[in-house]
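Hi everyone, thanks for making time this morning. I'd like to walk you through the empty spaces in one protein, and then through some of its helix packing. Here it is on the screen.

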Amino acid sequence: MKISVIGTGYVGLVTGACLAEIGHEVVCTDNDASKIEMLEAGGIPIYEPGLENVIPRARKEGRLSFRANPADAVAFGDAFFICVGTPPLPNGDADLSAIDHVARVIATEAKSPKLVIEKSTVPARTGQELKRALSVYARKSNVKFHVASNPEFLREGTAVGDFLHPDRIVVGVDDERAERQLKDIYRPVLDRKFNCPVHTSCCPDGPAPVWQTTTINSAELIKHASNSFLALKISYANMVADLAEQLGADIGEVVRAMGMDPRIGPSFLSAGLGYGGFCLPKDLQAFVHLAERSGVDFTMLREAEKINKRRIGHFVEKLRGALWVVRGKQIGVLGLAFKPNTDDVRFAPAIDLVNHLLGEGACVRAYDPKAMEKARAILPQIEYAKSAYEAAKDAEALIIATEWDEFRKLDWDRIREAMARPLIVDGRNLLSPREMQDRGFEYRSFGRPD
Ligand code: UGA
């Protein structure tokens with residue numbers, strides 16, 4: 001099929017590249033001309049494992065191209081994936097102005113009926129508004145549009161694999177034709193008929209994804225409810241971690257056993273600095289606002305958000321407990337991305353933490369394997385190290401703020417020798433307290449006996 005993808009952020013670029021990977025002809029567009037220029041020149045504006053293989057191959061085989069002019073993308077596709085940002089407004093609501101703008105472009109440029117698929121995360125009922133907007137903006141041409149919601153469940157860092165091996169594909173539609181078109185789009189994924197560029201060994205045996213057809217409203221709700229539940233789960237684990245710390249229990253042992261119950265499941269129970277990124281925090285907020293506007297009490301989610309916001313303060317208290325005075329101290333920070341395997345620093349707990357440390361007068365030297373360029377743009381006032389060892393040099397405390405695998409494998413004896421005081425404050429419970437103490441470190445983490 002000929003598909004146009006509007007928006008080349010984390011979601012749009014992965015969606016466009018993977019749709020091309022499974023055999024469609026794809027044109028991607030973005031209103032940021034510099035991004036398109038970079039993509040056309042062979043660059044990739046984000047770090048997302050797998051894209052470095054998928055994009056050049058699809059381009060070489062002529063299935064993927066990038067256009068700065070959105071009208072070109074509209075003229076090309078039979079189906080459009082809207083993947084533009086829906087950032088939070090100051091009141092927490094999702095800003096839907098980019099979706100409205102895209103609707104206007106599609107409606108004024110399209111010459112024949114098209115399927116418009118919302119992939120951006122939006123509050124329930126956006127599909128209805130989109131449908132109305134398309135017909136209002138197309139009143140002169142009288143072109144008809146079908147609207148569908150197809151929420152994405154991609155995680156940054158594993159997004160290519162998540163797209164090609166989803167556990168479920170949710171499509172919200174209100175007519176059979178739209179569902180049929182979406183099935184055609186996803187057919188290779190449903191039938192697992194493509195050569196997987198990332199998971200070659202697991203492909204043949206993995207389970208096929210579940211296809212779930214819903215109303216458009218339900219599909220939109222599924223996305224917000226899923227992300228908010230993940231946030232809730234993390235905050236629950238963090239709340240229990242604080243209690244474990246007071247009682248001398250070990251949160252690692254507690255969640256391991258809890259997770260063995262299939263009704264609970266083992267993931268998203270890792271205690272630490274809390275959740276960040278451009279999805280969970282904003283989606284939870286927008287979901288709460290939607291509920292409150294609809295007269296439904298979502299205090300439970302507000303509490304989850306409060307617990308998350310307190311994580312940084314709690315961590316700084318821990319650090320202060322060890323350092324006594326923070327002002328003037330040299331502190332090394334390992335990790336700036338909001339989670340490992342991405343260069344994304346938007347709403348990253350690590351960035352929030354560094355700002356707190358600077359506010360307290362600490363001197364910060366940070367290192368991240370992939371996110372330093374993006375961090376520099378928002379945190380120009382700190383020092384950036386070329387390695388974890390350089391970040392640790394002469395530091396009176398070394399903080400782990402993102403659980404990159406690389407940090408697990410460091411030469412910790414070398415780190416200890418480089419530091420002015422061998423104090424590790426582990427915001428992600430990455431390391432073993434016993435092992436670190438045996439190596440001669442003072443070691444603090446969340447919800448585990450010191
Ligand atoms: C999240 C969802 O997991 C995806 O399913 C969804 O598609 C995506 O948002 C989206 O809406 O686009 P993502 O933002 O990439 O994906 O990151 P997650 O893996 O969910 O992690 C979110 C945050 O929670 C990170 O800061 C991570 O460090 C933190 N986290 C995660 C914890 O603190 N503890 C955990 O146990 C798990």
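Let me start with a pair of helices: α11 and α12 cross in a left-handed way. Their axes come within 10 Å and cross at roughly 150 degrees. Angles over 145 degrees count as roughly antiparallel, so α11 is roughly antiparallel to α12. Before I go further, please keep in mind that this is a predicted model.

Now, keep your eye on α11 and α12, because they turn up again in the lining of a pocket, the second largest one. That pocket has a volume of about 350 Å³. It is lined by 16 residues, and the closest to its centre are Pro281, Asn308, Lys309, Phe347 and Asp352. Which elements give two or more residues to this lining? They are α11, α12, which covers 299-323, and α13, which covers 349-359. Of these, α12 gives the most, with four residues. If you like to think in terms of chemistry, the lining has eight nonpolar, four polar and four charged residues.

Let's move from the open pocket to the enclosed spaces. How many cavities of 30 Å³ or more does a search of the whole structure find? The search finds two.

The largest cavity holds about 50 Å³ of space. Here α11 is back: this helix, residues 280-293, supplies the largest share of the lining, three residues. The full set of lining residues is Thr86, Pro87, Pro88, Gly92, Asp93, Ala94, Thr121, His224, Lys282, Asp283 and Ala286. Sorted by class, that makes four nonpolar, four polar and three charged. And which domains does the lining draw on? At least three residues come from each of domain 1, which is 2-214, and domain 2, which is 229-444.

On to the second largest cavity, with about 40 Å³ of space. Its lining is made of Glu118, Ser120, Thr121, Val122, Ser149, Pro151, Ala219, Glu220 and Lys223. If you were following the names, Thr121 appears in the lining of the largest cavity and also in the lining of the second largest. By class, the second largest cavity is lined by three nonpolar, three polar and three charged residues. The largest share of this lining, three residues, comes from helix α9, residues 216-247.

So we have met α9 at one cavity and α11 at the other. How do the axes of α9 and α11 cross? They come within 9 Å and cross at roughly 115 degrees. That makes α9 roughly perpendicular to α11. The crossing is left-handed here too, as α9 passes α11.

One last pair, from another part of the sequence. Helix α1, residues 10-21, packs against helix α3, residues 51-60, at an angle of about 55 degrees, with the axes 9 Å apart. That makes α1 oblique to α3, and the crossing of these two is left-handed.

To bring it together, if you take one helix away from this talk, take α11. This helix packs roughly antiparallel to α12 and roughly perpendicular to α9. It gives residues to the lining of the second largest pocket, and it provides the largest share of the lining of the largest cavity. Thanks for listening, and I'm happy to go back to any of these spots on the screen.

Notes:
Residues numbered from 1 in each chain as written. Predicted model: local features only at pLDDT ≥ 70, side-chain atom pairs only at ≥ 80, totals over all residues. Heavy atoms only, no water. 1 Å grid on protein atoms, 1.4 Å probe; cavity = no way out; pocket = protein on both sides within 12 Å on 5 of 7 lines; lining within 4 Å. Points joined across faces, edges and corners; volume = space filled by probe spheres on them. Nonpolar A, V, L, I, M, F, W, Y, C, P; charged D, E, K, R; others polar. Domains from an automatic or database assignment. Axes fitted to C-alpha atoms, helices over the stretch in contact; angles between N-to-C directions. Parallel < 35°, antiparallel > 145°, perpendicular 65-115°, else oblique. Left-handed = near helix turned anticlockwise from the far one by under 90°.
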